[in-house]
Amino acid sequence: MQIKNICCIGAGYVGGPTMAVIALKCPHVNVTVVDANPDKIKAWNGPLDSLPVYEAGLAEVVKEARGRNLFFSDDIPGNIEKAEMIFMAVNTPTKTEGEGAGMAADLKYVEASARDIVKYSKSDKIVIEKSTLPVRTAEKIKEILEEKSKGVHFEILSNPEFLAEGTAIQDLFKSDRVLIGGDSSPRGKEAVQALVDIYYNWIPREKILTTNVWSSELAKLASNAMLAQRISSINSLSALCEKTGADIDELSKAIGMDHRIGPKFLKATLGFGGSCFQKDILNLVYLCKHYGLEEVAEYWHQVIKINDYQKDRFAQKIIDGLGGDVRGKKIAILGWAFKANTNDSRESPAIYVSKKLVNHGAQIKIFDPLVSSSTIMKDLEDYNINKDACLICYDIDKCIHAVELVAILTDTPVYKDLEKNVPIYDGRGINSKAEFTIGK
Ligand code: NAD
Ligand code: UGA
């Protein structure tokens, strides 16, 4: 099957970069990204230095493909109808109300996309789950699509995304693997082949793994859970290092040199953040409970519990470092994003640490080179952090001026060379001048 037009629903951190790379690598295919948020589409069509997603190399990719075969549009009906292949890359946050609140993935945006697809489709489509979804979601999407299909055939594939923010473009150019789950029926196989053919434009065939739909859906949740589990494992040991004099970085190196374990994702920090690890593990825990697997659920839940413990431990270290009383004391927070090289602050440990400090009466000064002040303000509001106790700084020197302690929360290189005239507490372990570093 020759694909000429691709539509992607969702122009966020996944939809934008992945479709930009598909368009770049497949100049013979028209790729249009649509979104319910017209401001986002406007920004994707706007100046290259203010795209809605900050990723190294993204602006160059967009510059080359935009207007050639990459388009951003708010015409959802027209672009659904035109496409032979539709990606769903909408957000799947943790549910905040109803059954499974606080654990299960909220599928309302996926379901709304499926309803739009069935409403506006007049010809057969391949529908691809790009969002991270609970195992067996394809069944639910199929139900929605088939209920009002008017003779149109929809073939559903799972093609989860494994990119990490900050390295998204490199990850997309050189993926460890591309995973495609599909049905074993002739039409299912044809759809899988059509998607394999897209990726084969730049990904070697041996890195494209095809499986059944359920394995693909579950592999995504499991991959994130395993990555996060490594971080919680090393973070749990960081607490023991602090008690015993063992050095967490030396420990990490020694463990990681075993080729069966490997060195990656063994960096002890103040805890993992980001929009996905926590929500995906909670989702996994919910699924296990749903299937009556209480012990398995509890095993994975422990990864989150250690992460919460670690964030809290770091905030408490700061309070203890200031004599147990931070009331009225000024503290600099360097790094608001959930990691370096991104403008994304979703589930950032900085938010948690700041909230605890402000709740204990501290005044905080915040600096991050990539996160906008409007995003920080919104986070303060969303997380009920007293804004009067927070000052957003545009300059690192102003941020660390006249404070009693500097807390480093991301490994942004500019934080490394700070002159130490007040205690530095380093949650990322990059600063040799730090008074307190995780695990030491
Ligand atoms: P995001 O919030 O950045 O983007 C989602 C976009 O979908 C938003 O712009 C929103 O306006 C749009 N949207 C929602 N409902 C819509 C609808 N019915 N019609 C049109 N547009 C709609 O989210 P994201 O970070 O790109 O994540 C998307 C999915 O990919 C999630 O399931 C996530 O778990 C997964 N994922 C994310 C990453 C990552 O690094 N962010 C990596 C791998 C997988
Ligand atoms: C993660 C996965 O790495 C991606 O494969 C996946 O596609 C993505 O989630 C997703 O599904 O959203 P991301 O969250 O963007 O990517 O970034 P990571 O580099 O994995 O970092 C996540 C968090 O873990 C950050 O807060 C980071 O600082 C922390 N981390 C990472 C550590 O604390 N220690 C480490 O050794 C590595």
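A backbone N or O atom of Gly-273 lies 2.9 Å from an oxygen atom of ligand 2 in this predicted model. A second backbone approach involves Leu-163, of which a polar backbone atom is 2.7 Å from an oxygen atom of ligand 2. Arg-428 contributes through its side chain, a polar atom of which is placed 2.6 Å from an oxygen atom of the ligand 2 molecule. Considered in isolation, ligand 2 exposes 700 Å², and 89% of that area is buried by the protein.

The surroundings of ligand 2 comprise 20 residues, the closest being Leu-163, Glu-165, Thr-269, Cys-276 and Arg-428. Classified by residue type, this shell contains 11 nonpolar, three polar and six charged residues. Helix α9, spanning residues 213-244, supplies the largest share of the shell around ligand 2, with four residues.

Arg-428, one of the closest residues to ligand 2, is located in the loop that runs between β13 (424-426) and β14 (436-437). Arg-428 counts as buried because its relative accessibility is 13%, which falls under the 20% limit for that class. The side chain of Arg-428 also forms a polar contact of 3.3 Å with the side chain of Asp-411. When neighbours within four places in sequence are set aside, the contacts of Arg-428 fall into two stretches of the chain: Lys-267, Ala-268, Thr-269 and Leu-270, together with Ile-408, Leu-409, Thr-410 and Asp-411. Thr-269 and Arg-428 are thus in contact with each other, and both are listed among the closest residues to ligand 2.

The strands that flank the loop of Arg-428 belong to an open sheet of six strands, arranged in the order β11-β10-β9-β12-β13-β14 with parallel pairing. The edges of this sheet are formed by β11 (390-392) and β14, each of which pairs on one side only. Within the sheet, β12 (residues 405-408) pairs with β13 in the parallel sense over three bridges. In one of the residue pairings, Val-406 has Ile-424 of β13 as its bridge partner. Ile-408, at the end of the β12 range, is also among the residues in contact with Arg-428.

The second binding environment concerns ligand 1, around which 26 residues are found; Val-14, Asp-35, Lys-40, Thr-92 and Lys-279 come nearest. A polar backbone atom of Val-14 is 2.8 Å from an oxygen atom of ligand 1. For Lys-40, the corresponding approach is made by a polar side-chain atom, which is also 2.8 Å from an oxygen atom of ligand 1. An N or O atom in the side chain of Thr-92 lies 2.6 Å from an oxygen atom of ligand 1. Taken alone, ligand 1 exposes 840 Å², of which the protein buries 91%.

By class, 11 nonpolar, eight polar and seven charged residues make up the shell around ligand 1. The largest share of this shell, three residues, is provided by helix α5 (residues 108-120).

Helix α1 covers residues 15-25 and is mostly shielded, with 10 of its 11 residues buried. The buried positions of α1 are Gly-15, Gly-16, Pro-17, Thr-18, Met-19, Ala-20, Val-21, Ile-22, Ala-23 and Leu-24.

Notes: Residues numbered from 1 in each chain as written. Chains lettered and ligands numbered in written order. Predicted model: local features only at pLDDT ≥ 70, side-chain atom pairs only at ≥ 80, totals over all residues. Heavy atoms only, no water. Near = heavy atom within 4 Å. Polar contact = N/O pair within 3.5 Å; in protein donor to acceptor, adjacent residues only side chain to side chain. Areas by Shrake-Rupley, 256 points an atom, 1.4 Å probe, with all protein chains shown as cover. Helix = DSSP H or I, 4+ residues; strand = E, 2+ residues; numbered from the N terminus. Nonpolar A, V, L, I, M, F, W, Y, C, P; charged D, E, K, R; others polar. Buried < 20%, exposed > 50% of the residue type's maximum accessible area, 1.4 Å probe, protein only. Contact = heavy atoms within 4.5 Å. Pairing = 2+ DSSP bridges.
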